[in-house]
Amino acid sequence: MLTELDGLQSAEGLLLVGATNRREFIDPALLRSGRIELHLLVDLPDVESRRAILAVHNRDRPLADNLNLDIWAVRTEGWNGADLAFLSNRAAIFAI
């Protein structure tokens, strides 16, 4: 991959995007100037974001009157969007 990146010096308008959840395993040579220079950390959602994610995944579902998504947003500290989608889907299956 390093050889390929070095060969792209004249590739104007090219954007390379990579993603990982294990940054510690990336070869430091890939992160040097002229290769993958911009690094963005996408962290886990905060409580407000988890509430919004739960709302999206449950917007077309009939919910019990006593279900409070705010409580579930607090209880799911450390969960990502996929985890929250799974929770919503499993709850719907169990409700059936």
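The exercises below work through a predicted model of a protein chain, from its confidence to its helices and some individual residues.

Residues are numbered from 1 along each chain as its sequence is written, and side-chain values use heavy atoms, with hydrogens and water left out. Because the model is predicted, local features need pLDDT of at least 70 and side-chain atom pairs count only at pLDDT 80 or more, whereas totals for chains, interfaces and linings use all residues.

**Exercise 1. Determine where in the protein chain confidence is lowest and where it is highest.**

Solution. Begin with the scale: pLDDT is the predictor's confidence in each residue, from 0 to 100. The protein chain averages a pLDDT of 88, and 95% of the residues score at least 70. Next come the elements, where helices (H or I, at least four residues) and strands (E, at least two) are DSSP runs numbered from the N terminus. The lowest confidence belongs to helix α1 (residues 2–6), with a mean of 73, and the highest to helix α2 (residues 47–58), with 97. Where pLDDT is low, the predicted coordinates should not be read in detail.

**Exercise 2. Compare the span of α2 with the expected one, and find how its buried residues are placed around the axis.**

Solution. The expected span of a helix is 1.5 Å times one less than its number of residues. For the twelve residues of α2 this gives 16 Å, and the end C-alpha atoms are 16 Å apart, so the two values agree. The buried residues of α2 (buried means under 20% relative accessible area, exposed over 50%, partly exposed in between, with a 1.4 Å probe and protein chains only) are R50, L54 and N58. These residues cover an arc of only 60° around the axis, which puts them on the same side of α2; the arc is that of the directions from the helix axis to the C-beta atoms. An α-helix has 3.6 residues a turn, so residues three or four places apart point the same way. Among what covers the buried residues of α2 are α3 (69–75) and α4 (81–95).

**Exercise 3. Describe the surroundings of R50 in helix α2.**

Solution. R50 has 1% relative accessibility and therefore counts as buried. For its contacts, meaning heavy atoms within 4.5 Å, neighbours within four places in sequence are set aside, and R50 is then in contact with P45, A73, V74, T76, E77, G78, W79 and L84.

**Exercise 4. Assign the buried and exposed residues of α4 to its faces.**

Solution. α4 has 15 residues and reaches 21 Å from its first C-alpha to its last, close to the 21 Å expected at 1.5 Å a residue. Its buried residues are L84, A85 and S88. Viewed down the axis of α4, these buried residues fall within an arc of 105°, so they line one face of the helix. The face turned away from that buried side carries the exposed residues A82, F86, I93 and F94. What covers the buried residues of α4 includes α2.

Two of the buried residues can then be taken separately. S88 is buried, with a relative accessible area of 3%, and it touches L54, H57, N58 and R61 when residues up to four places away in sequence are not counted. A85 counts as buried at 13% relative accessibility, and its C-alpha atom is separated by 16 Å from that of N68, 17 residues apart along the chain.

**Exercise 5. Place W72 and L87 relative to each other and to the rest of the chain.**

Solution. W72 lies in helix α3 and, at 32% relative accessibility, counts as partly exposed. L87 is found in helix α4 and is partly exposed as well, with a relative accessible area of 23%. The two residues are 15 residues apart along the chain, and their C-alpha atoms are separated by 9.8 Å. Not counting residues up to four places away in sequence, W72 touches L54, L67 and L87, while L87 touches L54, W72, T76 and W79. The C-alpha atoms of W72 and R51, 21 residues apart along the chain, are separated by 7.7 Å.

**Exercise 6. State which charge sits over the ring of W72 and at what distance.**

Solution. A charge sits over a ring if NZ of Lys or CZ of Arg is within 6 Å of the ring centre and within 35 degrees of the ring normal. The charged end of R75 sits over the ring of W72, 5.0 Å from its centre.
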